[in-house]
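Visitor: Before we start, could you pull the model up on the screen? I'd like to quiz you on why things get the labels they do.

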Amino acid sequence: MPPIPGSGLAKGLAVTLRTMTKRTVTAQYPDVQPELPPRTRGVIGLFEENCTVCMLCARECPDWCIYIDSHKETVPPAAPGGRERSRNVLDRFAIDFALCMYCGICIEVCPFDALFWSPEFEYAETDIHELTHERDKLREWMWTVPEPPALDPGAEEPKEIAAARKTADKLRAQEDKAAQEAREAQDSRDAHPDRAAGQEGQE
């Protein structure tokens with residue numbers, strides 16, 4: 001069936017009329033901050049304590065906008081007779097946001113959860129060279145990273161949290177056992193004060 005002459009014009013006018021009858025909404029930025037979606041890709045925050053300088057993020061970055069410098073330090077043995085170990089120490093971690101295309105590959109490939117998305121977006125500069133932000137600025141943005149969403153009711157607990165909870169429970173059990181033994185010893189001394197005094201006199 002051929003289109004009715006003028007139907008396209010009628011549809012366009014209908015859209016215009018519907019828009020004209022709607023109330024105009026003006027965003028009062030910057031006086032009123034916008035409500036951003038929870039998964040907004042603003043800037044990348046660095047949790048420096050988790051970074052092991054594995055260089056995986058820099059190697060996988062398609063724009064080569066991540067710059068990392070480090071040096072090696074010798075760590076003394078943890079126990080007598082052990083051998084010394086060497087570890088990487090982070091000297092510089094910078095991201096050039098003039099090159100970054102916000103793909104998120106660096107965050108996805110980081111095996112130690114050192115990089116996170118922050119919703120901060122107000123970091124415009126008058127000089128393009130100032131868009132290269134060092135680790136101090138990236139660390140400041142880390143504290144603006146929102147809390148992760150809650151797990152589904154039937155989801156498994158993350159392995160990292162389960163391992164940390166297991167270690168904490170083990171330490172708590174050891175502390176409780178030591179406290180119980182201390183209480184039993186104190187109760188024994190309170191129940192037999194003469195015996196405790198005799199032991200102290202022999203000493």
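Visitor: What makes Glu140 and Lys137 a salt bridge?
Guide: Their closest N and O atoms are 3.6 Å apart. The label needs a side-chain nitrogen of Lys or Arg within 4 Å of a carboxyl oxygen of Asp or Glu, so the pair qualifies. Both residues sit in helix α4, three residues apart, or about one turn of the helix.
Guide: Some ground rules: this is a predicted model, where local features need pLDDT of at least 70, side-chain atom pairs count only at pLDDT 80 or more, and totals for chains, interfaces and linings use all residues. Residues are numbered from 1 along each chain as its sequence is written, and side-chain values use heavy atoms, with hydrogens and water left out.

Visitor: Why do Glu140 and Lys137 get the exposure label they do?
Guide: Buried means under 20% relative accessible area, exposed means over 50%, and partly exposed is in between (1.4 Å probe, protein chains only). Glu140 comes out at 48% and Lys137 at 33%, so both count as partly exposed.

Visitor: How many salt bridges does this rule give?
Guide: Six. One of them joins Arg139 and Glu49, with the closest N and O atoms 2.8 Å apart.

Visitor: What makes you say that Arg139 and Glu49 link distant parts of the chain?
Guide: Look at where they sit: Arg139 is in helix α4, Glu49 is in the loop between β1 and α2, and 90 residues separate them. Helices (H or I, at least four residues) and strands (E, at least two) are DSSP runs, numbered from the N terminus. Arg139, at 25% relative accessible area, is partly exposed.

Visitor: How do you know that Glu73 and Arg87 form a salt bridge?
Guide: Their closest N and O atoms are 3.8 Å apart, so they too pass the distance rule. Glu73 belongs to strand β2 and Arg87 to strand β3, so this pair ties together parts 14 residues apart in sequence. Glu73 at 34% and Arg87 at 43% are both partly exposed.

Visitor: Why is helix α1 said to lie largely in the open?
Guide: It has 15 residues, and the number buried is zero, so that's the conclusion. The helix covers residues 7–21 and reaches 21 Å from its first C-alpha to its last. That is close to the expected 21 Å, which is 1.5 Å times one less than the number of residues.

Visitor: Why is Gly45 called buried or exposed?
Guide: Buried, because its relative accessible area is 0%. Gly45 lies in strand β1 and touches Ala114, Leu115, Phe116, Leu138, Trp141 and Met142, leaving out residues up to four places away in sequence. Contact here means heavy atoms within 4.5 Å.

Visitor: And what about His133?
Guide: At 8% relative accessibility, His133 counts as buried. This residue of strand β5 has contacts that include Phe93, Ile95, Tyr123 and Trp141.

Visitor: What makes a set of residues a nonpolar core?
Guide: The members are buried Ala, Val, Leu, Ile, Met, Phe, Trp, Tyr and Cys residues joined through side-chain atoms within 4.5 Å. The largest one here has 26 residues, and those touching the most other members are Ile44, Ile66, Ile68, Phe93, Ile95, Phe97 and Leu115. Elements giving two or more residues to this core include β1, β2, β3 and β4. Take Ile66: among its contacts are Cys57, Cys61, Phe93 and Cys106.

Visitor: What is unusual about the backbone?
Guide: Most residues other than glycine have a negative phi, and most peptide bonds are trans. Here, Val53 has phi near 55°, and so does Asp113. Val53 is in the loop between β1 and α2 and, at 6% relative accessible area, is buried. Asp113 is in the loop between α3 and β4 and, at 46%, counts as partly exposed. The bond joining Tyr29 and Pro30 is cis, with omega about 10°; Pro30 is in the loop between α1 and β1.
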